Amino acid sequence: MFEPQSCEIAVIGSGPGGAITACLLAEAGRDVLLIEEGAFLPLESCAPFSQEEMVQKYRNGGLTAALGTPKVQYVEGRCVGGGSEINSGLYHRTPAQILERWRTEFEVEGLEDADLLPHFLACEEAVTVCSLPGKPPAASLKLHEGAIKLGWESLEVPRWFRYETQDDPNLPPKGTRQSMTKTFIPRALRAGCRLRSETRINRIGRRGQKWTMWANTGEIEAETVFICGGAIQTPALLRRSGITDNIGNSLQLHPTVKAIAQFSEPVNALDMGVPVHQVKEFAPRFSFGCSISSPPYLSVGMVDHPEYMGEVHRHWENMAIYYAMITASGRGSVRTLPGFRDPLVRYRLTGEDLRNLGEGLRKLSQLLFEAGAIAVYPSLSGFGRLKRDDGDRIPEILPAASTNLMTVHLFSSCPMGENRRLCAVDSFGKIHGFENLYIADGSLLCTAPGVNPQGSIMAIARRNALQFLDKL
Ligand SMILES: Cc1cc2nc3c(=O)[nH]c(=O)nc-3n(C[C@H](O)[C@H](O)[C@H](O)COP(=O)(O)OP(=O)(O)OC[C@H]3O[C@@H](n4cnc5c(N)ncnc54)[C@H](O)[C@@H]3O)c2cc1C
């Protein structure tokens, strides 16, 4: 019989939460094993936002949905580095009013703005958060121009990126997006952390003084376990293991409605890269941005308008995808089903959410026409395309049955805090009622942050790891 592999600290999941936790614990001289279900691939193993990337690095090739009316399609990374390997790199700190809500409603201790500041600064330095050194993509500038004409606040969002120096400021800036395999994971490995990729933990349980983890590759034992599988997989693993108090009951996400805008001049190019502007005039209720708009993404975005698919083939260079993202009041759940590998994820939008989505889409269309769009194709099935002055056709409350929503932002399924009625873990990630068992990922965020979440996840993971090491 094989002896189980053993370590002092096991970190399950290597996304931003897990990678930062493993790195700091290993650098403090602890014996750390980082366990990841997906493969260990370099960032450069495929082109960003390509079909190949979806096959290599997305869970289920990106085909996952939170069930409800309407359902919300979502994607998760499944590779060493998790979502950081496939995301856009847009960075925000957690807004002050969100932190205040987490402190008052969820009773999170040690979460004043000043408490988090050193963690934001350290993570920003580690992943090189910076602004674009050259001209932003044309599609991004369209969003900015439309906002300026309407007198709405628009900002260029910094990204985690290392740019190359370039002589011609008119050429698109070149560089490499930073991810966990570029930053914290090599640091962790240099500090002696062991990595086991392609190892999925199916269940954990207490045996004597230790935690045992049952993986597809055998058993692993650890004195302390950090679960960092992300906001869907962490509650799924805990529930499969019989740990259920406030686990997976309060999933939150940023429901997002998309619209393709067509202009009379080129705004798109194969090397366009990630658009960097966001319009925050109506935040936190809703904000606007521009998405990856490569021809395959445009074709997928046009499925609600099959009669206009030819426009993408003929005019994709004049088209780009924009979105309205809301801070929703709806919530969802994560449940496991006996005999099924994937959890059942449900999400229920409120009437207020559908109203905010309707207003968001109307205002986004107004902005796009102001920026010179000649047609807008919203992600509402059977709705037809919009021409200038058609904005009033968008229903005040988006129809649940024909609205197609998506998200890449998932959190809050195991909230942190001392309020035992709401929270799964304490203010620093230790699961209430269990010894030596922690969560360190997006599940901890008490509510939707209303901004891209990885900045919050990284800072909180760093803060909690240092608290665990008694170094705060
Ligand atoms: C396409 C896309 C674009 C995005 N753009 C941005 C952006 O611009 N800015 C931003 O801030 N955020 C962005 N995000 C969101 C951001 O990437 C996530 O919020 C972040 O990665 C979540 O970190 P995490 O540590 O919670 O979990 P994840 O990154 O999801 O990592 C969890 C890891 O754990 C592994 N795992 C899960 N269960 C197990 C198990 N049982 N055993 C072993 N391993 C397991 C998974 O395979 C995965 O690799 C984007 C996400 C996507 C998908």
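## Polar contacts with the ligand

A backbone N or O atom of G17 lies 2.9 Å from an oxygen atom of the ligand. This value, like the others in this report, comes from a predicted model. The backbone of C79 also approaches the ligand, with an N or O atom 3.0 Å from one of the ligand's oxygen atoms. For P453, the corresponding distance between a backbone N or O atom and a ligand oxygen atom is 3.3 Å.

On its own, the ligand has 1,000 Å² of accessible area, and the protein covers 95% of it.

## The shell around the ligand

Three elements give two or more residues to the shell around the ligand: helix 1 (16-27), helix 7 (230-240) and helix 11 (454-468). In total, 38 residues surround the ligand. The closest of these residues are E36, G83, L90, G442 and Q454.

What is the chemical character of the residues in this shell? They divide into 13 nonpolar, 19 polar and 6 charged residues.

## An annotated domain

An unreviewed UniProt entry carries the annotation "domain: Glucose-methanol-choline oxidoreductase N-terminal" for residues 58-255. In the model, this span is 28% helix and 24% strand. The C-alpha atoms at the two ends of residues 58-255 lie 19 Å apart.

## Aromatic pairs

A pair of aromatic rings is described by two quantities, the distance of the centres and the angle of the planes. The structure holds 12 aromatic pairs. One of them is formed by W152 and F288: the ring centres are 6.4 Å apart and the planes stand at 45°, so this pair is tilted. The pair links distant parts of the chain, 136 residues apart. W152 belongs to the loop between helix 5 (138-150) and strand 6 (154-156), whereas F288 belongs to strand 16 (residues 286-290). Both W152 and F288 are buried.

Why is the pair of F226 and Y438 described as stacked? The planes of the two rings are at 15°, and planes under 30 degrees apart count as stacked. The centres of the F226 and Y438 rings are 4.7 Å apart. F226 lies in strand 12 (residues 218-227) and Y438 in strand 23 (residues 437-439), so the pair ties together parts that are 212 residues apart in sequence. F226 is buried, as is Y438.

## An aromatic cluster

Which residues form one aromatic cluster with W152? The cluster consists of W152, F282, F286 and F288. Two of its members, W152 and F288, make up the tilted pair described above.

Note on methods:
Residues numbered from 1 in each chain as written. Predicted model: local features only at pLDDT ≥ 70, side-chain atom pairs only at ≥ 80, totals over all residues. Heavy atoms only, no water. Near = heavy atom within 4 Å. Polar contact = N/O pair within 3.5 Å; in protein donor to acceptor, adjacent residues only side chain to side chain. Areas by Shrake-Rupley, 256 points an atom, 1.4 Å probe, with all protein chains shown as cover. Helix = DSSP H or I, 4+ residues; strand = E, 2+ residues; numbered from the N terminus. Nonpolar A, V, L, I, M, F, W, Y, C, P; charged D, E, K, R; others polar. UniProt positions renumbered as here; feature names shortened; annotations may be inferred. Phe/Tyr/Trp six-rings, centres within 6.5 Å; stacked < 30°, edge-to-face > 60°. Buried < 20%, exposed > 50% of the residue type's maximum accessible area, 1.4 Å probe, protein only.
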